[in-house]
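User: Hello! I am new to this structure and would like a close look at one part of it, with a friendly walk through its surroundings.

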Amino acid sequence: MNFLKPKKVLYHSERMKEWFETSDTSAPVTIKIDLTNVCNHNCPGCVDADLIADDNNQLKLDLVKELLEDMQQMGVKGINYTGGGEPTSHKEFAEIIRYTAELGLEIGLICNGSLFHMSRIPMEEILKHFTWIRISLDAYDDETHKRTHGTKARFQRTIDNIRDLARIKQEQNLDVTLGAGYLTNQHEDMDRQVWRFVSICKEVGLDYAQLRPSFGWSGSDYTSISSEEWDKIFSDLHEYEDESFKIVIDEGKYKKILSNNIGRCYKTCHAQSFKSTSITARGGVYICCSLSGKNEGLIGNIKQMKFSEIWKCDRRKRILKDLDVDRCPKLCVGDNLNEFLEQIKENEPPHKNFL
C-alpha cells in the first residue's frame, strides 16, 4: 500500500491532456471541504486555530448538496472531508456522506475519531460509502494523546471507536481503507517510542499506520533525533508489516528535511490544477489548503457563486499565475506532485512518438 505516489495523476488522462495544452484543468480531481469549524479537541499548535476560533460556522446541508451537485457535474472525482473543525461534529454529517455517495463521488475522511460512538453518526450504515478514513491519533496512551490533542482528548474512547470501525469493516466485508496518522518531530520522547503507536494501530485492526513530519509548524524539532536514528526507527517499524497491515511513510520528505534540502525545483504550483483547493466552513474557497483563511489565497465564496464559476473566474487564474511558491510552506501537500509534473513538463524526451 502506497497512496502517496504522485504518479496517480497519470490515471486522469483527460486532465493531464488539458494541463499539457493549457497549464490548467477544467476541474480538479480532488477537493478538500471543511464541513464545520466546531472541534471537540483543543490541539496545541492547531494549524486551523484561526478558523475554529469562530465555532458557530458550519456549512448548511442544502448548500453542501448544491456544491456537491455542481462539483459532480464539472467532473470532480473525490471529496476529502476534514478540518477546519472536526468534520464528524457536523449535525448532518451522516446525511452529507449519504448524498455524496449517491452522486457517485468518492469519499475520504480525516478526523479525530472521537465521535463515532454517537448515535447520530451511524457508522454501521454509512461506513460502506467511504473510500478511506484516516484517524488523526498522534499518540499511544492517554497522556500522549492529551499532549498532542489537548485536555479534551479521550484516548480510550477514540481507540474503542477505531476498533469498532475495524469490526464493522470486517463484518460487512467492506473495501474501505482504515488508518491512523501520527505527526512526528514534536516530542522527542514520543518519537523514540512511536512503535507503540504502530503497535496499537495493528492491534485494533487498522490497515495502516502513517507517519508524517510536522515540518514548518511551531515546535517542530529536527535536531534531537539524527537522520541515522530515524532510518533505524523506520526500518524497525516496517517489521510490523504483514499482508493486512502496512506502514506508510514519505521517507523522501524526511530525507529532504533532515538533510536541509528543502528547495523547490518548480516555480509554478502545477498541483493546484488537480488538488489542494480548499473550501472552509464559512464558504470561502481557497487556492490551497495551506492558504485557508488567508486573504491572499481566497478565490471566491460558494455562498455567492457556484464552485464551477469560481474555478473558471479571472481571480483564481490571476492568483495562481502570481503565486510565489517560494513563500509557500516548504514540502507542502502538493510538493511531490509539483515535482513530478515539473519533471514531465520540462524534460520532454526526444522522439516522444516512437515508443
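User: Which ring does the charged end of R316 sit over, and how many Å from its centre? Please take the aromatic rings as your theme, and then show me the sheet too.

Analyst: Happy to help! Please keep in mind that this is a predicted model. The ring you are asking about belongs to W311: the charged end of R316 sits over it, 3.5 Å from the ring centre. A lysine does something comparable to look at elsewhere, for K65 lies over the face of Y99, 5.0 Å from the centre of that ring.

Now to rings that meet other rings. The structure holds eight aromatic pairs. One of them is formed by F93 and F130, and this pair is stacked, with 6.4 Å from centre to centre and 25° between the planes. The planes count as stacked because their angle is under 30 degrees. F93 belongs to helix 4 (residues 93–102), whereas F130 is in the loop between helix 5 (123–126) and strand 4 (132–136), so the pair ties together parts that are 37 residues apart in sequence. With a relative accessibility of 1%, F93 counts as buried. F130 is buried as well, at a relative accessible area of 4%.

Another aromatic pair is made by W230 and Y254; here the rings are tilted, at 5.8 Å centre to centre and with 40° between the planes. W230 lies in helix 10 (residues 227–237) and Y254 in helix 11 (residues 251–258), so this pair ties together parts that are 24 residues apart in sequence. W230 and Y254 are both buried. There is also an aromatic cluster, formed by W19, F20 and F274.

Let us turn to the sheet. Ten strands make up an open sheet with mixed pairing, in the order 7-6-5-4-3-2-1-8-9-10. At its edges are strand 7 (246–249) and strand 10 (298–301), each of which pairs on one side only. Further in, strand 1 (residues 30–34) and strand 8 (residues 278–279) run parallel and are joined by two bridges. In this stretch, K32 stands opposite S278 of strand 8.

A helix belongs to this picture too. Helix 3 (residues 61–74) lies across strand 1, strand 2 (78–82) and strand 8, and it runs at about 175° to strand 1. K65, the residue over the face of Y99, falls in the range of helix 3, residues 61–74. That brings the tour from the rings to the sheet and back again.

Key. Residues numbered from 1 in each chain as written. Predicted model: local features only at pLDDT ≥ 70, side-chain atom pairs only at ≥ 80, totals over all residues. Heavy atoms only, no water. Pairing = 2+ DSSP bridges. Helix = DSSP H or I, 4+ residues; strand = E, 2+ residues; numbered from the N terminus. Contact = heavy atoms within 4.5 Å. Axes fitted to C-alpha atoms, helices over the stretch in contact; angles between N-to-C directions. Phe/Tyr/Trp six-rings, centres within 6.5 Å; stacked < 30°, edge-to-face > 60°. Buried < 20%, exposed > 50% of the residue type's maximum accessible area, 1.4 Å probe, protein only. Lys NZ or Arg CZ within 6 Å of the ring centre and 35° of its normal.
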